[in-house]
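The questions below take terms used for a protein model and ask what stands behind each one.

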Amino acid sequence: MLGPGDAVLAVDLDPPGSSSSYPAGEAPGFAVDGTLAKYLNFAGAGTGFIVTPNLSGPSVADGFRLTTANDAEGRDPSSYAIYGTNDAITSVDNSTGLAENWSLLSSGSLALPATRNTQDALLPFANTDAYTSYKFIFPTVKNSNLFQIAEVELFGDSPADSLVDVDLLNAGDPTLAVHVAPNSRYPGNESPDKLFDGDVGTKYLNFGEENSGFIVTPAAGPSVVTNFLIATANDSPERDPSSYEIYGTNDAIVSGDNSRSNGGEVWYLIASGSIDLPTDRQVNGPLVTFANSDAYTSYRVLFPTVRDESGANSMQISEFQFNVPEPSSIVLGLLAMSATLAVTRRSRG
């Protein structure tokens, strides 16, 4: 029923997470210290920082400027988002930075110079609202698994200090490293479309692990599903799903890839339960059947648990198929054919 041309998206229902960490000598405070010392974050894309300027009151920011770090151009950010808040900062260091209510001030792409330790042009943005804290997020980097920046200047006015058009950030301002990334994410060569390629040598792997899965819209149109079959991946049995949930919808799919399936579609639970996949690799698991008489245009398949949560870092399977012919109609027929051939060969011998 499912094939290579079917539209498929990776999903994970868990909230965003953080894998932020940095070397002690390259902490986020170095991004606002007025020197060429750098801030480096091992989480790469999606990292940034929260800063609370040591001012007498809220400030109005309306522009920023970045300075590249000393090496590794690929680590430079290639996009940005700046937020403001008047909430007390309760986010902690290396968190997602989502504990406060944040207002987006500006976002866009960046084209930082290839030369190192170089100041980029000032980037103004429209804003007239005052905030006590700011958050910088850099959703993408040029070409690396790491992120780094030497200096971030945030320009604006501080009415309580009678300051106009100044850099609002200074050495000693409280700063926190943050990273926000969807739980759903997969290597480029282990994407969800590998589920329907008919090749157990490929696989779909999702680092979201528990509650990860996929949304698929079969090209054949509406269908009534009554069973499914999973083939195990090439390694790491601890990553095998140990439970499942199957949902259907007739809404247009608005949810995006690596989302929380939060595009507003209405999903109806068709079946759920446990599944015991074989520890043998690249083999079919049991055919799972269930009662259903409703047709849907799209399906959401979730795996709430894996075989060994503590030992796994992801969920993975090599193949997935709906509406697999029952063994009685296929396998038993092949067995009968094999028996007939054997008898024929013996009679001719």
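**Two domains and their contact**

In this predicted model, the centres of domain 1 and domain 2, taken over C-alpha atoms, are separated by 31 Å. Residues are numbered from 1 along each chain as its sequence is written, and side-chain values use heavy atoms, without hydrogens and water. Local features need pLDDT of at least 70 and side-chain atom pairs count only at pLDDT 80 or more, while totals for chains, interfaces and linings use all residues.

Q: What makes domain 1 and domain 2 separate entries, and where do they run?
A: The bounds come from an automatic or database domain assignment. Domain 1 covers 7–157 and domain 2 covers 165–325.

Q: How do you know which residues from domain 1 and domain 2 take part in the contact?
A: Contact means heavy atoms within 4.5 Å. The contact takes 53 residues from domain 1 and 46 residues from domain 2.

Q: What is meant by the area buried between domain 1 and domain 2?
A: Buried area is the accessible area (1.4 Å probe) that two parts lose on being put together, summed over both. Here the value is about 3,800 Å², and carbon and sulfur atoms give 57% of that area.

Q: How many salt bridges does the rule find across the interface of domain 1 and domain 2?
A: The rule asks for a side-chain nitrogen of Lys or Arg within 4 Å of a carboxyl oxygen of Asp or Glu. Across this interface it finds 0 salt bridges.

**A salt bridge**

Q: Why is the pair Lys142 and Glu73 called a salt bridge?
A: Their side chains meet at 3.0 Å, N to O, so the pair satisfies the 4 Å rule. Lys142 lies in the loop between strand 8 and strand 9 (147–149), and Glu73 in the loop between strand 4 and strand 5 (79–85), so the pair ties together parts 69 residues apart in sequence. Strands here are DSSP runs (E, at least two residues), numbered from the N terminus. By this rule the count comes to 10 salt bridges.

Terms used. Helices (H or I, at least four residues) and strands (E, at least two) are DSSP runs, numbered from the N terminus.
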